Amino acid sequence: MGERIPQAFIDDLLDRLDIVDIVDSRVKLKRAGKNYQACCPFHDEKTPSFSVSPEKQFYYCFGCGASGNALGFVMDYDRVSFRDAVESLARTAGVSIPETKERSSQAIAADKKRKQIFQLLTQATAFYQQQLRKHESRIEAARYLTKRGLSADIVKNYQLGLAPPGWDLLINHLIEANSSLSEDSVKKLAIEAGLLVENPENQRRYDRFRNRIMFPILDVRNRVIGFGGRVLGNSEDNKKQPKYLNSPETPVFHKGKELYGLTYAKKIFSQIPQLLVVEGYMDVVSLAQFDIHYAVATLGTACGQDHLELAFKHTQEVIFCFDGDKAGRNAAKRALENCLPTMQDGRQVKFLFLPEGEDPDTLVRQIGKDSFEQMIGKAVPLEEYLFDSVAENMNLATMEGRASLSKKVAPLINLLPKGIYRELMFSNLARRTELDLETLRELMTETPDLTPQAEDSTAAEMPQHIEFAPDDVHAIYEQIEREDEPPYYTQNPVEQAPTQTVTDHSGEIDITPEKRLTMLLVQTPSIAEIDRDLSVLRGSKNEDIKRFLEIYELLKQRPNYKSKHQIVGSRLHTHGNNDIDQISEILKRDHLAECQERIDYDPISEFEHCLQQVQTKIKKLNTNNELKSLSTVKGAGSDAEKEKARQLILKRQQELNINTDKH
């Protein structure tokens, strides 16, 4: 234990940590301008005089004079030795302590190199910002930034710049700015910083970033550690280049451990309410333009456990934002599995799926901040998305479906840290599958698998033999409407085609339009993507209509639901087996399934036709009820009431005449 902890390790450890996080985990801080403050933990006081500077990574008390860095604070506050304080900080950073009797020359050189790399990256940032103001390509760059809707303040706050066309503009600037170093030394440092590329064949060195809008990447200490660049223009040469280009791994930049935009969020919020994880830095900047300052982005890699642990150091809620297409759903499943080991009690993870083809940048400009944040508010909690994604093609109305769900979900839940949340998830699975907890725990050792299974053919088997003509689909509704008309509805006799029947076990076709609304919606969830006025239905006491409206609203809130199995799984969780039995019965009574295969069938048109019938039916019923109530004033009541009754009856008669003429 007498061996010395290398100073290079301590310096690197302090570089990895933010003193604000270290102090705030022990003494709750409040933002005060650029700094944070609290009542001093080292002496009694009522007015805060204890200040923490994130810029200087230093604390100072104006009352008692206590001061120091993060290591000194842990020693004084926790009352531990130097070694114990280093071990505590190392655990926080997730690193182990090397041991050596004396600091090696290699360690000293590595420490010096890190400082030089930071210096070059800072100089490169200033260079790119200057080029955005002065280089002849600035006009094209300004045109692009304006097209993306970015203001001068956002460009300044995020330190955006321009890497102009040319092979050696940056390196020449760095050589000039570091005259105390040899030209070769500057070039070698620039290569290690990710600013230069060396051709292995001819050893030619040139600027990595050329003709790009530059996005500096900052660490939690507010230091530039790398860059992202977005190509400018549509020339043939540019089309051959990657649209987005990030810095490579360097001694100071590790893309698997950094979140673009986190530093800016920390500047805005003393306590970050939530973090929205988006795909790219342009999404982060565009959202900031609309005063959404809690977006962060991974840097060309999937969101891993290190990203999540970093995010959870600053907030308790993380929301993933994905495109609603297949690639987005696959990315969401990867993020889901990475999330599970980090889900300590009190943490929340949600999933937001955007309309297919949209990203946060384009969508927020279309719908604005308020509507976008309303979408964020409807993000799917992890506990729901876990079951939805695994049960995507499973029929949970069957024992086989519930058995398959149990076998796939139990190993995933087992990835959760031990705690209340983990136990609640097992209880949730038990409710959905009707299995006891002991049986589920036996499945925990299975290998986690988020691969969707093939479509379950037992989902809602339909009768196969239908005798009515395939072009007579709408006649079914007309027959139902005629049979269900209230007594006041009369029409002239017309010739009717013989009633068609189904020769399987189900007998006569008797599905009502109200039930068919639910059937069509469950079978074709994309129906809910169209905005419709359903106000006429909302006052109905009909249980089938109530169920339809609940499912319709569910699909509005969960645009990622693309199959009937996801709907059934959600309803099973929220409404139980009785509701699922009724939905399954409705699906089994879909006697038009064969027609759908034999004709050019459009479920959306069919839905609109059915919806119009139901709305007309409700309107007639409402009018009838009003007529009934007004009939009591035929021989009594005021003149105004009598006139209202007379006008309403006249209007109803006119409607009936029109309907009669149509027939």
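## The sheet

Let's start with an open sheet of 4 strands, lined up in the order β6-β9-β10-β11 with antiparallel pairing. Keep in mind that this is a predicted model. At the edges you'll find β6 (161-163) and β11 (244-246); each has a single partner strand, so one side of each is left without a neighbour in the sheet. The sheet isn't flat-on from strand to strand either: ignoring direction, neighbours are turned by 35° against each other on average.

Take a look at the β6 end. Here β6 pairs with β9 (residues 212-218) in the antiparallel sense, over 3 bridges. One bridge to look for joins Gly-161 to its partner in β9, Met-214.

## Helices on the sheet

Which strands does helix α6 touch? Spanning residues 138-147, α6 packs on the sheet against β6, β9 and β10 (224-231). The direction of α6 makes about 70° with that of β9.

Helix α12 is another one to find: α12 lies across β9, β10 and β11, and runs at about 105° to β11.

## Where α12 meets α15

Besides the sheet, α12 (residues 281-289) has a helix to pack with. The axes of α12 and α15 (residues 360-377) come within 10 Å and cross at roughly 30°, and the crossing is right-handed.

So who makes the contact? On the α12 side there are Met-282, Asp-283, Ser-286 and Leu-287, and on the α15 side Pro-360, Asp-361, Val-364 and Phe-372. Sorted by class, that's 5 nonpolar, 1 polar and 2 charged residues.

Conventions. Residues are numbered from 1 along each chain as its sequence is written. This is a predicted model: local features need pLDDT of at least 70, side-chain atom pairs count only at pLDDT 80 or more; totals for chains, interfaces and linings use all residues. Side-chain values use heavy atoms; hydrogens and water are left out. Axes are lines fitted to C-alpha atoms, for helices over the stretch in contact, and angles run from 0 to 180 degrees between N-to-C directions. Helices (H or I, at least four residues) and strands (E, at least two) are DSSP runs, numbered from the N terminus. A crossing is left-handed if the near helix is turned anticlockwise from the far one by less than a right angle, and right-handed if clockwise. Contact means heavy atoms within 4.5 Å. Ala, Val, Leu, Ile, Met, Phe, Trp, Tyr, Cys and Pro count as nonpolar, Asp, Glu, Lys and Arg as charged, and the others, Gly among them, as polar. Two strands pair if DSSP finds at least two bridges between them.
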